[in-house]
Amino acid sequence: MDGFIDELNQAFLTVDLGQGPLDFQIDTGFNGSFVIGAELFELPDAVPQGPVIADLAADNSQTFEAFDVQFRFLDEDVLTRILVGPGTDCLIGTAMLDPHRLELDYGSRTVRLIRNPTW
């Protein structure tokens, strides 16, 4: 799975959850799977799971709507919970990165997530 590093040196992976590719900023401080901005969320097959209160790094909390989504990730069918929040920000957290290999190359401005062969 490939991604890129933007002009602010933020790393992104491009993931398709079933609505077309979206760029998710890599957030190693986020222990969940995905956050998708509500303005971009278009998954009619997602199963609503109700509101979730999440503690954020800025010492505050935010309420998100949670959905279970099945999609292809690193050549495997996976079922995961995603959080939908305000705006257009999209994050990918450690629940999706672990146990794989994440390569960031600032020189070439590239990002790769390489599947762990034992996954």
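The radius of gyration of the chain in this predicted model is 14 Å. A compact globule of 119 residues would have a value near 14 Å, so the chain agrees with what is expected of such a globule. The C-alpha trace spans about 40 × 35 × 25 Å along its principal axes. Of the 119 residues, 37% are buried. Among contacts with a separation of 6 or more, 50% join residues that lie 24 or more positions apart. The surface exposed by the chain amounts to about 7,000 Å², of which carbon and sulfur atoms supply 48%.

The secondary structure consists of one helix and 10 strands. Read from the N terminus, the order of the elements is β-β-β-β-β-β-β-β-α-β-β. The helix α1 covers residues 94–97, and the strand β9 covers residues 101–105. Charged side chains number 6 positive and 20 negative. The centres of these two sets are 10 Å apart.

Two loop residues, Phe41 and Pro86, were examined for their surroundings. Phe41 is found in the loop that joins β4 (34–37) to β5 (47–55). The relative accessible area of Phe41 is 19%; a residue counts as buried under 20%, and Phe41 is therefore buried. Leaving aside residues up to four places away in sequence, Phe41 is in contact with Gln19, Ile36, Ala46, Phe67, Ile82 and Val84. Tyr106 is 65 residues from Phe41 along the chain, and the C-alpha atoms of the two are separated by 30 Å.

Pro86 occupies a place in the loop between β7 (76–85) and β8 (91–92). The relative accessibility of Pro86 is 57%; the exposed class begins over 50%, so Pro86 counts as exposed. Exposed as it is, Pro86 still touches Gly37, Ala38 and Gln62, when residues up to four places away in sequence are not counted. Phe64 stands 22 residues from Pro86 in sequence, with a C-alpha to C-alpha distance of 8.2 Å.

Aromatic rings were then considered. The whole structure contains seven aromatic pairs. One of them, formed by Phe4 and Phe12, is stacked, with 5.1 Å from centre to centre and 10 degrees between the planes. Phe4 counts as partly exposed at 28% relative accessibility, whereas Phe12 is buried at 13%. In the pair of Phe71 and Phe73, the ring centres are 6.1 Å apart and the planes meet at 75 degrees, so this pair is edge-to-face. The angle decides the class, because planes under 30 degrees apart count as stacked and those over 60 as edge-to-face. Both partners of the edge-to-face pair are buried: Phe71 has a relative accessible area of 5%, and Phe73 has a relative accessibility of 0%. Phe71 and Phe73 also belong to a cluster linked by ring pairs, together with Phe24, Phe34 and Trp119.

The backbone was examined for unusual angles. Most residues other than glycine have a negative phi, and most peptide bonds are trans. The peptide bond from Asp98 to Pro99 is cis, and its omega is near 10 degrees. Pro99 lies in the loop between α1 (94–97) and β9 (101–105).

A positive phi is found at Asp75, a residue other than glycine, where the angle is near 65 degrees. Asp75 sits in the loop between β6 (61–73) and β7. With a relative accessible area of 63%, Asp75 is exposed. Arg109 is likewise not a glycine and has a positive phi of about 65 degrees. The loop that holds Arg109 runs between β9 and β10 (110–114). Arg109 has a relative accessible area of 31% and is partly exposed.

Methods
Residues numbered from 1 in each chain as written. Predicted model: local features only at pLDDT ≥ 70, side-chain atom pairs only at ≥ 80, totals over all residues. Heavy atoms only, no water. Helix = DSSP H or I, 4+ residues; strand = E, 2+ residues; numbered from the N terminus. Rg over C-alpha atoms; globule rule 2.2 N^0.38 Å. Buried < 20%, exposed > 50% of the residue type's maximum accessible area, 1.4 Å probe, protein only. Contact = heavy atoms within 4.5 Å. Areas by Shrake-Rupley, 256 points an atom, 1.4 Å probe, with all protein chains shown as cover. Lys, Arg positive; Asp, Glu negative; His and termini not counted. Charge placed at Lys NZ, Arg CZ, Asp CG, Glu CD. Phe/Tyr/Trp six-rings, centres within 6.5 Å; stacked < 30°, edge-to-face > 60°.
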